[in-house]
Amino acid sequence: MRTYCSDVEERNVNKYGVNELRKMFLDFFESKGHLVMKSFSLVPHNDNSLLLINSGMAPLKPYFTGQEIPPRKRVTTCQKCIRTGDIENIGKTDRHGTFFEMLGNFSFGDYFKHEAIAWCWEFLTEVVGLEADRLYPSVYLDDDEAFDIWNKEIGIPAERIFRFGKEDNFWEHGSGPCGPCSEVYYDRGEKYGCGKPGCTVGCECDRYIEVWNNVFTQFDNDGHGNYTDLSQKNIDTGMGLERLAAVVQDVESIFDVDTIQALRNRVCELAGKTYKEKHEWDVSIRIVTDHIRSATFMISDGIMPSNEGRGYVLRRIIRRAARHGRLLGIEGDFLANLSSTVIEGSKDGYPELEEKKDFIFNVLTQEESKFNKTIDQGLNILAEMEENMEKEGRTQLSGEDAFRLYDTYGFPLDLTMEILEEKNLTIDEEGFQAAMKEQKEKARKARKVTNYMGADVTVYESIDPAITSEFVGYDKLSWESGVTAMTTEEAVVDALTDGESGTIIVAQTPFYGTMGGQCGDTGVIRCGDGEFVVQDTIHLAGGKIGHIGRMTSGMIKLGDKVELSVNPAGRADTCKNHSATHLLQKALRTVLGSHVEQAGSYVDAHRLRFDFSHFSAMTPEELAKVEQIVNDEINAHLPVRTSVMTLEDAKKTGAMALFGEKYGDSVRVVQMGDFSTELCGGTHVANTGDIAVFKILSESGVAAGVRRIEALTGPGVFAYYKELEDRLSEAAKIVKATPANLAEKLTHLMAEVKQLSSENESLKSKAARESLGNVMDQVKEIKGVKLLAAKADGADMNGLRDLGDQLKEKLGEGVVVLASEKDGKVNLVAMATDSAMAQGAHAGNLIKGIAALVGGGGGGRPNMAQAGGKNPAGIPQAIAEVEKVLEGQLK
Ligand SMILES: [Zn+2]
Ligand SMILES: [Zn+2]
């Protein structure tokens, strides 16, 4: 228990600087078993819910939610943060800025309230030396546990501990983990107070300020206000570094602490103005001072000014700073100059600022000049617009006008708004958004332009044509080189950052770009903690090789020395497939003849495709022979040699060149033992033995005289057989057999099926016969010709014909007509014997005469005819009609 002194004495605190305080904090928590982690990038990693990191806890979210395992259960950071939520108010007062650093100590299911509170107190009072009697803790209303720790363990009298409600002291963000907070307030003395009675902790004035916030994450909110205890309780704390410095240095605001004051003084010096002389100037001085800090740090994390997302936030910040610099009377470009003061003051904690200095200055100056070129013109246009508004008695600028200023003169909406606000005018924001949407729509439609070659115009055409790349990857899979150009999907840029997709171009690359039928390499490009995953590599116009992919962390910028690493497994498999096409071509010429020429090919890590001239389908024997030859050459372990020579010399080696292909003066010749020699720029195995095995999947025709073979090598073959094996096992399982006795089992099954179906047929005709009853009773004589016309239920056409044949035999001579209904349809069959036909009977015409009655049609030969119909209800009438029709036929 510490002794407590109630008299407020003269301050006797060491006036530590910002950089000292940062180090003291991190060192202190390191001594308490915490892992000191570097500030995370301002660009959130894998988190689309956030534009910019805005708290120490934000980048650690995956550790709190359990998505990722933290490197240690105790972590401490000093995190750079940006908040632009109320950017309009920044500068108007000196309370806050857009950029700040947040100190924090975190426990992921490790220590909890006792330690967090004790260490917070120890750091503030013993390490920094703040007087205990100026500090006031607060706890959440119901948090007796925290109250008792402050009261009994730390020894703060109960009346100095404040209990606040949910609004102030409970951290919650929708459903999920949440918990009470305990804050520590510092009494800065009467000179900062409002002097009102009841001015104490919680008062809106500047006397009591919150320096530290401890969040005790101990509950889970189900989203309906039901709180359950979390199994893993976490500690998440935050303390604004600049605010701590303001307290320790006993200065009025964060704009007066050592590092920021140096920057503020530099602004005043450039402007020839004095701080605290005129409120209007102070506002501009604070805006420039704050915004240049944000801009410097954002650019150092690879954010580039643009019209979207965080790029737009940066653009607003830079243009706002530039305008307020002009309001202060600063002439020309000045942001890079100020940025150097930011870097000087912060490089202690952020050495990367110094490393990226030139890049940062460059981006700032480019954006500033762009804005300066149009700002005067824009301001004139805006003045005209204001005049018109006045004439028409309007106080609101139309959305279209605001959009014109944005689109043509680069005035971010909030800038126009701010200028107008100074004159009590407003903007139709909805109209602005509508105009913006309309323009985006237009732009999307316009993007489908084509150039004079008929190809789509791409961002690549904006790259400096002097830039070229060299491929160095025949025998290397990793290489270091400088970035010479980079693009997003829409524009040439100076940097790519976490989450962005784009293309990187370097001077020398081990990545093979898609060419000659061989697919481009995949892999990864790294620089520091910047990582770019290469999904494809392609050749661009003008001898450039483009690595297409996505930044998965950090940033990479123009001029960076990067480490390029090709995915080795992907490259190895592609080489196997490519080398196999060379063996295949030679094998085809050997088996089919020398008319075989390559007509095209495609090779990637998974398969190969080879098109060639040949005039008929290959026989199974020819295919087997070709496959055998290729596998023999693989087994012969032929060395693969490549050499570059003149085309003349290459021809002397007997190299196979592509018909109609143009070659340069020097060509690359790929030889596989004495078996194959080809001109080829692709990548290959060192020895044919590396291919392991070759398997043809299919042979087919793709055009007149062009055949295509698809095949696999190495691991692809094993994957193919594995799949076949799986399918075979599955099939065997269905018929309760094993792959080994599957054929035998299927033979038995097929015999059984055949027997069953013939049994079924005879049963069906037996049933049909039985349904006729004693049919011979129904035989009639028409003009001396016997007629049997009857209905046989359930018989299909085949059954009906069978039955007809049997009855005809029984009848000896005469005419048989049968009708059946099956599945709602009608079948009709008519048959006439020779003697009946001699008397004029005609089965075909007979059917024709009655089919209409069952809703059908049909006909046939004189001796036999059949028909179908859709109306079973007409059967009795059709049968009755037979007599009449036959009577008409007979002589
Ligand atoms: Zn007050
Ligand atoms: Zn080749």
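Modeller: Partly exposed means a relative accessible area between the buried limit, under 20%, and the exposed limit, over 50%. The model discussed here is predicted.

Colleague: Is Cys-203 buried, partly exposed or exposed?

Modeller: Buried requires under 20%, and exposed requires over 50%. Cys-203 has a relative accessible area of 25%. That value falls between the two limits, so the class for Cys-203 is partly exposed.

Colleague: And Cys-199, buried or exposed?

Modeller: The relative accessible area of Cys-199 is 16%. The cut-off for buried is under 20%. Therefore Cys-199 counts as buried.

Colleague: Which residues coordinate the zinc ion (ligand 1)?

Modeller: The donor atoms are SG atoms, at 2.2 to 2.3 Å. In sequence the donor residues follow the spacing C-x4-C-x3-C-x1-C. The residues are Cys-194, Cys-199, Cys-203 and Cys-205.

Colleague: What is the geometry at the zinc ion (ligand 1)?

Modeller: There are four donor atoms, with angles of 103 to 117° among them. Four donors count as tetrahedral if all angles lie between 85 and 135 degrees. The angles at this zinc ion pass that test, so the site is tetrahedral.

Colleague: Which residues coordinate the zinc ion (ligand 2)?

Modeller: The donors sit at 2.1 to 2.3 Å. Their spacing in sequence is H-x3-H-x97-C. One pair links distant parts of the chain: His-582 and Cys-680 are 98 residues apart. The coordinating atoms are NE2 of His-578, NE2 of His-582 and SG of Cys-680.

Colleague: Which residues does UniProt list for "binding site"?

Modeller: The listing comes from an unreviewed UniProt entry. It names His-578, His-582, Cys-680 and His-684.

Colleague: What is the largest C-alpha distance among those listed residues?

Modeller: They are spread over 107 residues of sequence. Even so, they cluster in space. The largest C-alpha distance is 10.0 Å.

Colleague: Where is His-582, and is this residue buried or exposed?

Modeller: His-582 is found in helix 16, residues 568-592. Contacts of His-582 include Val-670, Met-672, Cys-680 and His-684. With a relative accessible area of 2%, His-582 is buried.

Colleague: Where does Cys-680 sit?

Modeller: Cys-680 is buried, at 12% relative accessible area. Cys-680 touches His-578, His-582, Arg-668 and Val-670, leaving out residues up to four places away in sequence. Its place is the loop between strand 27 (676-679) and strand 28 (694-703).

Colleague: Where does the largest nonpolar core lie, and why?

Modeller: This core has 115 residues; Leu-21, Phe-123 and Leu-124 are among those that touch the most other members. Helix 12 (residues 357-392) gives the largest share, 11 residues. Domain 1 (18-193 + 200-251) and domain 2 (255-373) both contribute residues, so the core lies between domain 1 and domain 2.

Colleague: How many residues are in the other core?

Modeller: This core lies apart from the largest one. Its members include Ala-587, Met-618, Leu-623 and Cys-680. The count is 30 residues.

Colleague: What distance separates the centres of domain 1 and domain 5?

Modeller: Domain 1 covers 18-193 + 200-251, and domain 5 covers 774-888. Their centres are taken over C-alpha atoms. The separation is 98 Å.

Definitions and conventions
Residues numbered from 1 in each chain as written. Chains lettered and ligands numbered in written order. Predicted model: local features only at pLDDT ≥ 70, side-chain atom pairs only at ≥ 80, totals over all residues. Heavy atoms only, no water. Donors = N, O, S within 2.8 Å, 3.2 Å for Na, K, Ca; no water. Tetrahedral: all angles 85-135°; square planar, octahedral: opposite > 155°, others 65-115°. Buried < 20%, exposed > 50% of the residue type's maximum accessible area, 1.4 Å probe, protein only. UniProt positions renumbered as here; feature names shortened; annotations may be inferred. Helix = DSSP H or I, 4+ residues; strand = E, 2+ residues; numbered from the N terminus. Contact = heavy atoms within 4.5 Å. Domains from an automatic or database assignment. Core = buried A, V, L, I, M, F, W, Y, C linked by side-chain atoms within 4.5 Å.
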